[in-house]
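Here are some short exercises to help you find your way around a new structure. Try each task yourself before you read the solution.

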Amino acid sequence: MDLHNASVTEKNFPVPVFFEGRALTFQFGCRGCHKINGEGGTIGPELTGLGSKTELEFLLIHDFQHVKNLQHAKGISTMAQWIYEHFLDPNAIVPGDPALKIPPTLMPNFGMSTDQAKALTIYVLGLRNPVVDAVPHEY
């Protein structure tokens with residue numbers, strides 16, 4: 001089921017928070033900078049297939065040193081936590097590093113509530129790549 005097709009509703013996928021997140025992508029204009037399923041801008045990273053990335057794949061290209069909630073101080077952070085905190089305060093999570101010539105994020109701080117950040121996190125993690133998901137987990 002392509003959850004991002006407009007014909008998919010809560011009637012055939014009863015997860016209201018997912019649809020709240022999808023609506024927020026329009027409310028905050030996410031597609032102005034991010035491409036989702038072939039539509040949108042190219043200033044920010046493409047979000048299509050984000051939910052199919054492994055934790056390791058995500059870790060290799062994202063800096064976790066600024067994530068505050070390291071899974072309740074156990075020292076483990078997740079892709080979901082990084083995304084959630086990035087929605088709450090993008091510049092706190094991606095402040096840049098002038099010494100390494102890494103610029104800060106271009107994403108503005110929208111002043112999202114924790115509920116909005118949660119819904120948007122659930123939505124973008126639902127952006128799955130069916131080709132990747134079709135690969136068997138066991139052989």
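**Exercise 1.** Which residues of α3 are buried?

*Solution.* Keep in mind that this is a predicted model. Start by finding helix α3, which covers residues 79–88. A residue counts as buried when its relative accessible area is under 20%. Going along the helix with that cut-off, you should arrive at M79, Q81, W82, I83, E85, H86 and F87. That is 7 of the 10 residues, so α3 is largely enclosed by the rest of the structure. Finally, look at what surrounds them: these buried residues pack against α2 (55–59), α4 (90–93) and α5 (114–125).

**Exercise 2.** Take a closer look at H86 and work out whether it counts as buried or exposed.

*Solution.* First, place the residue: H86 belongs to helix α3. Next, check its relative accessibility, which is 10%, so H86 counts as buried. Then list its partners, leaving out residues up to four places away in sequence: H86 touches I93, V94, T105 and M107.

**Exercise 3.** Describe how the axes of α1 and α5 cross.

*Solution.* Two packed helices are described by the angle between their axes and the distance between the axes. The axes of α1 (residues 16–27) and α5 come within 7 Å, crossing at roughly 100 degrees. Angles from 65 to 115 degrees count as roughly perpendicular, and α1 and α5 are therefore roughly perpendicular to each other. On the α1 side, the contact is made by V17, F18, E20, G21, R22, L24, T25 and Q27, while α5 contributes Q116, A119, L120, I122 and Y123. Sorted by class, this contact has 7 nonpolar, 4 polar and 2 charged residues.

Technical notes:
Residues numbered from 1 in each chain as written. Predicted model: local features only at pLDDT ≥ 70, side-chain atom pairs only at ≥ 80, totals over all residues. Heavy atoms only, no water. Buried < 20%, exposed > 50% of the residue type's maximum accessible area, 1.4 Å probe, protein only. Helix = DSSP H or I, 4+ residues; strand = E, 2+ residues; numbered from the N terminus. Contact = heavy atoms within 4.5 Å. Axes fitted to C-alpha atoms, helices over the stretch in contact; angles between N-to-C directions. Parallel < 35°, antiparallel > 145°, perpendicular 65-115°, else oblique. Nonpolar A, V, L, I, M, F, W, Y, C, P; charged D, E, K, R; others polar.
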